[in-house]
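Reader: Could you walk me through one part of this model up close, strand by strand and contact by contact? Once that's clear, I'd be glad to hear how the rest of the chain is put together.

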Amino acid sequence: MSHRTVAPWVRTRLRAAPGAAVALGVLVLITAFLASAFPRALDRAQDSGLRGEIASAPAAQRVLQAVGAPGDVAAPPEIREQSLSPAVLSGVLDKLVKAPAKPLQVTRAGSAYGVRTSKPLASPDRSLPRLSDAQPEFVVTARSGLAEHSRFVEGRAPRHRGKPVAAVLDLEAAVSTATARTLRLKVGSVVHLDARETGATTGNSARVKITGILAPYAPESTYWSVEPLLHQPGVQVTKLAPDDTHWLSALLLAPDAGGALLSLDPQPETFWEIPTRTGHLTALDAQPLASAVASLETGPAATALRESLGRPVMVTTDLEKLVASFEATRTAVVPVVAVAAFGVGTVAAAVLLMAGALAGARRSAELALVRARGGSVRGLVRRLWTELAVVVLPAAALGWLASLLLLPGARPAAPALAAAAVALLASAGLPLRAALAHLRPRVHGDRTDVAEAKPSRRRTVAELTLVVLMVGAVAALRRRGTDGEVDQLVSAAPVLVGVVASFVLVRLYPLPLRMVARPMALRRGAVGFLSAARAGRSPAAATLPLLALLLALTTAAFGGSVLAGVAESRDRAATEQVGADARLQNDRAGFDARTLAAVSKVPGVREVSAVGVDTMITLPDGKSEVSLVAVDPESYARLARGTDNGGFAPSALNPSAGGGRDGKSKDGKGKDGKGKVFPVLASPETAARLGNDPAIALRSALYGGFTTRVAGTVKSTPALREGEFMLISTAALPRYRPSTLLLTGTDPSALDRTALQSAAGAGTQVHLWAQERDKFVSRPFQQGAERIYTTAVAAGAGFAVLAVLLSLLQASPERKALLARLRTMGLTRAQGRRLLIFESLPQALLAACGGALVGWAAVQLLAPDIDLGVLALAAKAQIPGSAPVLLRTDVWSLLVPALAVVCIAAGVAAVQAWWSTRVTTTTELRAGDAR
């Protein structure tokens, strides 16, 4: 008995078209990888942002600092001294380390504890250097771990002799090398301290002998950084008396000498400094971390800690402020990055659907034959889905796995869902299209252009509904106003605008082409008329390619504007900070002519503008002081114009050309007895305070007296970052000596700090524009977000090119058949090429113009709601008076992608035409072919 063998559907189809299966698999693989990599990359950027925000903060902000309240003053001295012993303090540290709740984690390694005076103690020694009449002050501390974190370069470690508390007036201490150098201390020096006076005790004098000078192993470590005074003396300024400036430093006693401090301070402080761990933190831990810190400071954890210790201990840290700073950064950055995600995701979805549409168009006759022979729609859909699933599911799984391997450490749920969505969309596109197209069996393929296949009423209603909803969403976004809350509606706005525009353009663009075709019909030659007529008969399925191109161009234009705005804002902020390509400053000694010549000869320096600045000029109204900036008008005007920072004409400061004249000041005296008045350019506030007086006598403590008048105003100037100012020519000042050099270089990044420092001499501060700009990209979150955005824009451009190719490939069979028939009627090869190129240009031009227009509209729509300062300037909070960095349209980002689409479309059409005119046309002229 014989039976018939039926070839399996999937194996037969894959063998029949292996190239199409491989191409689909590669497309799904790349799309699934990008879809699953985006959330993983964003998670990694946010995780790194939280860790970096904490790790880059000063040590005093990221550690837990616990301070014990003073003990009972009436308790016996032996009991008080015992409570300050290292053993007791170490036991408290053990309990403090165990107190924090997850995700807050601390480590005992690097921790420090001890006893210190509650306030600095003054020293009356005249041998110590002084900054004013005020006495230098010292914080006396007995700190643990001194031997493990430092080495003695001179002398020995201090010792505690263990005498009774009442007799301890002679102490031994060590100081750091910087403290010894600054305060002129050496081994054997004795520092006298005035003990703190309280209502219960009378101050006494104590002798502290310096037995050793130590050098920290790692001054930047937490042990030394929490209290920089331990290794580096500072200058203390009293707010109530600004002239009362004095040195403030530390004396380091032996770790077991905490009880001795009772003779200096009746109520010394006990302290514990505990480093925190950040390596385990993720962005999801931000709010729990802030809650854990709040609980440890003033909440239930603090109460439990006090009960466990049996003594009042107050824990403080600035971790919650760092978390709040990270949350503010994330709130501003993530929606901006999400704009690219929405755009690229929609374009990728459209391209996947276009791939299904291309496969459906190529297999339309085959599927119609299956339906004509009795195949059911359900069976057809099942077979097509199985055929695609064999290719799509492994490709999507490989893409997801590649994202896991290349981007480890992020959460896997969202990437898995994204890859599954890509697989579902890729495998369902062709079956659903086939089901809708072949509900009724067809004998032959129908025409698909609008001449026959006009959009149905249902489609019209669906499109109008979507347009109304999207217009309403955009209108709601505008009516809501700029309240500072950037949500997903803002991120999806460019996609909404692109979808609306695509629906409108698909409906409207055949009309002008048909109008153009009418006069073309009266002209000689068939190429122009045929191109316009065929382009005017828009395919009924043209919405999808146009939507993909519009959204890709919109995303590229918007993303390019964001990236250009970020780069521009960083350049501008660095210029405001430095004032030029480099800034050399020496306020004490200034610069002489020899130094200026040496700096001018440094490689890479093109021009040097010497500036003198006096910040203590008092105006006649006496309300506040302004800054006087003495400049060379010619070079400084070129610098101001080059940096776009308060440009002016050099003649405005020239006494001869700018209106300098003889005159009398208010007191009847002129400059040098000659009465010459020099013009100044002032900030608007300063100009208003000076008024229109033709001769105003002013005096500079640095440069001498001068007489001036206001010749104009400028809002800003390169030499100053902020504040009120006056610009004046150096010729007006009798004792002018430049204190600042502003350098313009041939290449700002090529200027060498070492060479400039060597040419300018000791005591000169060097600030480089390139290094200042690098500070704005030092945070991991900003760097990660910018990389994600750049990748998204590049992916959108790639999908745009793919959309153009798929659109042209879908119409390729019909075009080749048309070209073959026209060639039998006498159409030359050159005319055939022009026909195919001209036919493909209208849709590409439409997408280019529409994409540029929609991109511009999206930028204008979102500009008030987006501040790029957080993304662009990692150190924005450190810039005084920094204004919001608003999104602005970048012309190149609008035009370059649009022109690229037109060129790609024309190039692909030219290659297609060249190939079509060189292959045989026999197969395209089969009788009965409906193409």
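**A close look at strand β1**

Author: Strands β1 and β12 pair in the antiparallel sense over five bridges. Pairing here takes at least two bridges found by DSSP between the two strands, and the strands themselves are DSSP runs (E, at least two residues), just as helices are runs of H or I with at least four residues, numbered from the N terminus. Before going on: this is a predicted model, so local features need pLDDT of at least 70 and side-chain atom pairs count only at pLDDT 80 or more, while totals for chains, interfaces and linings use all residues. Residues are numbered from 1 along each chain as its sequence is written, and side-chain values use heavy atoms, with hydrogens and water left out.

Back to β1, which covers residues 64-68. One of the pairs to look for is Leu64, whose bridge partner in β12 is Ile274. β1 also pairs with β14 (residues 313-316), again antiparallel, through four bridges; there, Gly68 sits opposite Val313. Four of the five residues in β1 are buried, meaning under 20% relative accessible area with a 1.4 Å probe and protein chains only (over 50% is exposed, in between is partly exposed).

Now hop over to β12, residues 269-274, and find Thr270. Its relative accessible area is 4%, so Thr270 is buried. Setting aside neighbours within four places in sequence, Thr270 touches Ala66, Val67 and Gly68, along with Leu84, Leu89, Gly114, Val115 and Arg311; a contact means heavy atoms within 4.5 Å.

Asp43 makes a nice side stop, in helix α2 (residues 18-55). This one counts as buried because its relative accessibility is 13%. With neighbours within four places left out, Asp43 is in contact with Ala410 and Arg411.

Further along the chain there's an open sheet of nine strands with mixed pairing, ordered β19-β20-β18-β21-β17-β16-β22-β15-β23. The edges are β19 (696-700) and β23 (765-768); each has a single partner strand, so one side of each lacks a neighbour in the sheet. Within this sheet, β18 (residues 678-682) and β21 (residues 725-729) run antiparallel and are joined by three bridges, with Ala682 partnered to Met726 in β21. Helix α20 (residues 633-643) lies across β16, β17, β21 and β22, at about 100° to β16; angles like this run from 0 to 180 degrees between N-to-C directions of axes fitted to C-alpha atoms, for helices over the stretch in contact. Helix α22 (residues 753-760) lies across β15, β16, β22 and β23, at about 145° to β23.

For a helix pair, try α15 (residues 488-508) and α26 (residues 829-862): their axes come within 9 Å and cross at roughly 145°. The residues making the contact include Val490, Ala493 and Leu505 of α15, and Leu846, Gly850 and Leu862 of α26. By class, the contact has 11 nonpolar, two polar and no charged residues, where Ala, Val, Leu, Ile, Met, Phe, Trp, Tyr, Cys and Pro count as nonpolar, Asp, Glu, Lys and Arg as charged, and the others, Gly among them, as polar.

Zooming out, the chain comes to 28 helices and 23 strands, and buried residues make up 48% of its 931 residues. Of the contacts with a separation of 6 or more, 81% link residues 24 or more positions apart.
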